[in-house]
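This report is meant for a reader meeting the structure for the first time. Please keep the sequence and the model in view while reading.

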Amino acid sequence: MKKISGYLFAVVFLVLTYSCQKDNPAPVVPPKVTTGVFILNQGLYGANNTTLTYYDFSSQQSSTDFFKNTNGFGLGDTGSDMVIYGGKLYIVINNSGYVAVANALTAKFLDTIGFKNAGVNRGPENIIAAVGKVFVSSTDGTVAVIDTMTLSIQKFIPVGTNPAQMAVSGTHLYVSNTGGISASYDSTVSVIDLNSLTESTRIKVGLNPGSIAADEANNIYVSCTGNYGSVGPSLVKVDLSTNQVIKTVDSAVGAIRYYNNTLITTGGYLGTSTVGILNPTDLSAIRTSFIIDGTHIQNPYGLDIDPSTGDVYIGDAKDYVSAGQVYCFDKTGNKKFLISVSPGISPIRTVWVAQ
Amino acid sequence: MPVQRLNQEALQQINAETLAGAAKYFSGVLIKDYGGIGGLQSISVRSLGALNTGLVYDGISIADAQTGQSDLGKFSATFVQSLELDLANPQQIPIPARLFASASILSFTSNTFNTNDFSRKKWIAGINAGSFGLWQPYAGLYLPVNKNMVVSANAEVTWAKGDYPYSIDNGIFSQKTVRSNSDIQAFQGEINIVNRFKDSAEWQTKVWTYFSERGLPGSVIFFNDNAAQRLQDKDLFVQSRYLKKYSPSTTLLVSAKYSSLYTQYQDPNFLNNAGGLNDQYTQNELYASVALSQRLGNYFALSLASDMALTHLRANISQFATPTRISLWNCLVLQFNKTHWQVNASLLNTNINDQTQAGPAAMNINKFTPSLALGYKPRPQSPFLFRFFYKDIFRMPTFNDLYYTYISNINRKLLPEYSNQYDAGITYSKTGKSVLSLFSFSLDGYYNDIKDKIVAVPSQNLFIWTMQNIGKVHIQGIDLNAEANGKFSSSLKWTARVAYTWQQALDVTDPSAAEYKNQIPYTPNQSGSAMAAIYYNSWSTGYSLIFSGNRYTLGENDPSNQLPAWNTQDVYISRQAHFSYFATTIKAEIENLFNEQYDIIHYYPMPGRSYKISIIFNNL
């Protein structure tokens, strides 16, 4: 147990730094050697083809369907997010309605955590870890608190309509309430107090908030998709000391991540394939494209930044119905290597495996 | 042009619950079937896609501007006299112009409108009972009112639980289970009136209704067996045709139809803030057609047809576009017939105009599209017929393509999807005596290309899709059909038919894409069917087979998305008995005899072995 908790501490730290987009580029405790990445390939809705790719840094080989090859069964339908925390890999399978828990190094299956309410799928969507807990937002309007020791759901915190992406800043968890499948979109971010595990307030941002990132200066950045019609997309910056929007720009942003005083973004539904790099102060573009070596990405989908190196991993979903691939760029925007996830479809999340 | 037909005898042997079950026996078709009696069914011909096949019932189109093709499962095969698949368009004139507006036509006719019997009352009653809770009672009455008028009515009710077993194969989470929320209850009824006038003109009127309430079991999802979606249909149409021969060379056909299609889709588990989905759509259409044919001299005939349809769709969804579509079709047909040669050329003008109450409407369409068919017989009595056809046609984007609410309005710039068909074929047909009374064989090679194919593309994420005109497909194939029957003695007869298709349908949209020159999804390279039956006195027994080669579920033909080949084999035995006032037929069937476990659509398992007993009573 001691061994586990020591290990857990290291990984907790690591996970906190990248997955909460909370900047802490130079961890005090050096992480164990990062040996590779796990990539979650979403698959196609209704096709039970969510897969996990393991890419090994030393051999530069990827092994797709790593989870099934390890465990003899497939993950199921529409993987939407994953996180490594406390030596465990948590994989959210949206349409199958559960979270698969596996060993963070080997992907050896440990347990399932069901997300059914009287048999009906709650629609678990995104996952984040903080303060010894794992939080899962579900389309049914809740954020579940998972006890990482018992691997059971300790509590459901009611939030807004169809919550999705989350970020942690200080002692609070911020959740985008999209309202994405409702007649009218939501336009708020729920604030959850990590001490009391209750919703303390909601911040009004813009219509249909999606991706969310926190910096180390007490701000969050929220991409708001709008209604695909009269209300266009926007990107807002919220000052968490007042919970007020302090900057709004008309910009279509899909995913947004914060690292070392820059924001990296993918294009929104308007279809731009550009990966952007923005100045967090005024949300202006630092340059037209984050990528400077001419690498073309057809459809940037997954976007993750290695907290220890600043390397940017971009999942190319191509046409969403054929095999994707994942590009790794260094923080200056030059391509380092390319990971094949074939036949995995729509790579949505990369996490780092540290031995 | 190639025509395939199933007559009443073949339809009775197949004894399918719906028309789709019978249409599977044609070559070149792909029946999409989501499994079970209540599973949605559509027909695609020569890989052109379901929305390019028109349905025609007793000479008038069954249109559905919302989805593009009606669910074939709505149409019972019980009272159908013949089912016919016409490539390109039917050849006889006059016919409505709308029948030229599809790449192929699946048409079926009811018994009543093919009668010459204005003297005798007829009745029929029967029931099919089968595995997985199938009960299908029906009754029909055929009533001559006077020498010139017949009224007939028939009705059928279908109940099925659809709780058939299947297995989920997923390592330690594998399980054997049964399909749930797969039940259906449906009613279909129609009234037909035929009036024949002294001048030999004929007036046919039909009132048709369909009501159903069914569960949608959804695809099998690992770790999640919940399914609660329900679908309700309430359909009605009234159609009328007036056919008059003014002289041996001049014929007039006037057709009119009103149809109302109501669909309700409910999902109580949908996680919106309204606490579930309850979408209701009502589609109304008024349609009229005038067609005139005129013989010109000994060899030529000309036909002009002019059709109009007014289609309106409303829904209980906020911000719904509520589209109204005005469609005009004008078609000119020129025929030439002389000893060896038959030529049929047509030019169709289509003019379509959409208007919406909310948001932009689709662009107006005004197009001319031709078709040409040639037939050549070496000698008038020759058993050989050589043929060729070419057809250029398009399909309009459907209301769902254009105005589906959860899709951004980018798609309102959608253009029609074009297809070109080229076919060359040969038919050999010989009638004889006794053992081989009829033998016919046909072989067609074809090439089709599709451009501006309307493809659903996920945009921002997997759940928001837009429709785009991006697809290009090249299709080549071979269709082979053979049919034979005969009798060994007056009490021993036989019949057999086979259909085989080889097909390559390659996605040629984007040379840099993984799908480039891969077979399009769900299209087997080989498929086919076979049927044989023997009739001995009052006994009859038969066998039928449907097979499909392996297919890919995705455009990228990776082994991980390959679906295996399958075949199903059915057998039956039946006996007829005659009594003084009525006759009865009892039939026992085993469907999918070898209990093949297969999917037509991935993760929509099809039923394994099932049994069916049918009893029919009629007054001969």
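## A partly exposed proline in chain B

A residue counts as buried if 20 or more other C-beta atoms lie within 10 Å of its own, as exposed if 12 or fewer do, and as partly exposed in between. In this predicted model, Pro144(B) has 18 other C-beta atoms within 10 Å and is therefore partly exposed. Pro144(B) belongs to strand β9 of chain B, which covers residues 134–146.

Once the neighbours within four places in sequence are left aside, Pro144(B) is in contact with Phe118(B), Ser119(B), Arg120(B), Lys121(B) and Val150(B). A further relation links Pro144(B) to Val194(B), which is 50 residues away along the chain, with 9.3 Å between the two C-alpha atoms.

## Confidence and overall make-up

The model has an ipTM of 0.89 and a pTM of 0.90. For chain B the average pLDDT is 91, and 97% of the residues score at least 70. Where pLDDT is low, the predicted coordinates should not be read in detail.

Chain A contains two helices and 30 strands, and 57% of its 355 residues count as buried. Among the contacts in chain A with a separation of 6 or more, 46% are made by residues 24 or more positions apart. The largest nonpolar core has 107 residues, and those with the most contacts inside it are Val83(A), Ile91(A), Phe135(A) and Tyr174(A). A second core, separate from the largest one, has 68 residues and includes Ala10(B), Ala65(B), Tyr403(B) and Ala505(B).

## Where the two chains meet

How many residues does each chain bring to the contact? Chain A supplies 41 residues and chain B supplies 37 residues. On the side of chain A that touches chain B, these residues divide into 14 nonpolar, 24 polar and three charged.

## The sheet from β18 to β21

Four strands of chain A form an open sheet in the order β18-β19-β20-β21, and their pairing is antiparallel. The edges are held by β18 (209–214) and β21 of chain A, each of which has a single partner strand, so one side of each is left without a neighbour in the sheet. Neighbouring strands of this sheet are turned against each other by 25 degrees on average, direction ignored.

Strand β19 of chain A, residues 219–224, pairs with β20(A) over six bridges in the antiparallel sense, and within this pairing Val222(A) has Val236(A) in β20(A) as its bridge partner. Strand β20 (residues 234–239) is in turn joined by five bridges to strand β21 (residues 244–249) of chain A, again running antiparallel; here Lys237(A) has Lys247(A) in β21(A) as its bridge partner. The hairpin of β20(A) and β21(A) has four residues between the strands, and in this hairpin Asn243(A) takes a positive phi near 55 degrees.

## The sheet from β22 to β25

Another open sheet of four strands in chain A follows the order β22-β23-β24-β25, with antiparallel pairing. Its edge strands are β22 (253–259) and β25 (285–287) of chain A, and each has a single partner strand, so one side of each is left without a neighbour in the sheet. From one strand to the next, the twist averages 40 degrees.

Two bridges join strand β24 of chain A, residues 276–278, to β25(A), and these strands run antiparallel. In this pair, Ile277(A) has Arg287(A) in β25(A) as its bridge partner.

## Backbone details worth locating

Two residues of chain A can be taken together here. Asn260(A) has a positive phi of about 50 degrees although it is not a glycine, and it is found in the loop between β22 and β23 (262–267) of chain A. Is Asn260(A) buried, exposed or partly exposed? Asn260(A) counts as partly exposed, because it has 14 C-beta neighbours inside 10 Å. Leu151(A), which is not a glycine either, has a positive phi of about 55 degrees, and its place is in the loop between β12 (142–147) and β13 (152–158) of chain A. With 16 other C-beta atoms within 10 Å, Leu151(A) is partly exposed.

Cis peptide bonds also deserve a look. One joins Ser342(A) and Pro343(A), with omega about 5 degrees, and Pro343(A) lies in strand β29 (residues 335–345) of chain A. In chain B, a cis peptide bond joins Ile93(B) and Pro94(B), with omega about 0 degrees, and Pro94(B) is placed in the loop between β6 (80–87) and β7 (104–110) of that chain.

Terms used
Residues numbered from 1 in each chain as written. Chains lettered and ligands numbered in written order. Predicted model: local features only at pLDDT ≥ 70, side-chain atom pairs only at ≥ 80, totals over all residues. Pairing = 2+ DSSP bridges. Axes fitted to C-alpha atoms, helices over the stretch in contact; angles between N-to-C directions. Contact = placed C-beta atoms within 7 Å. Nonpolar A, V, L, I, M, F, W, Y, C, P; charged D, E, K, R; others polar. pLDDT = per-residue confidence, 0-100. Core = buried A, V, L, I, M, F, W, Y, C linked by C-beta atoms within 7 Å.
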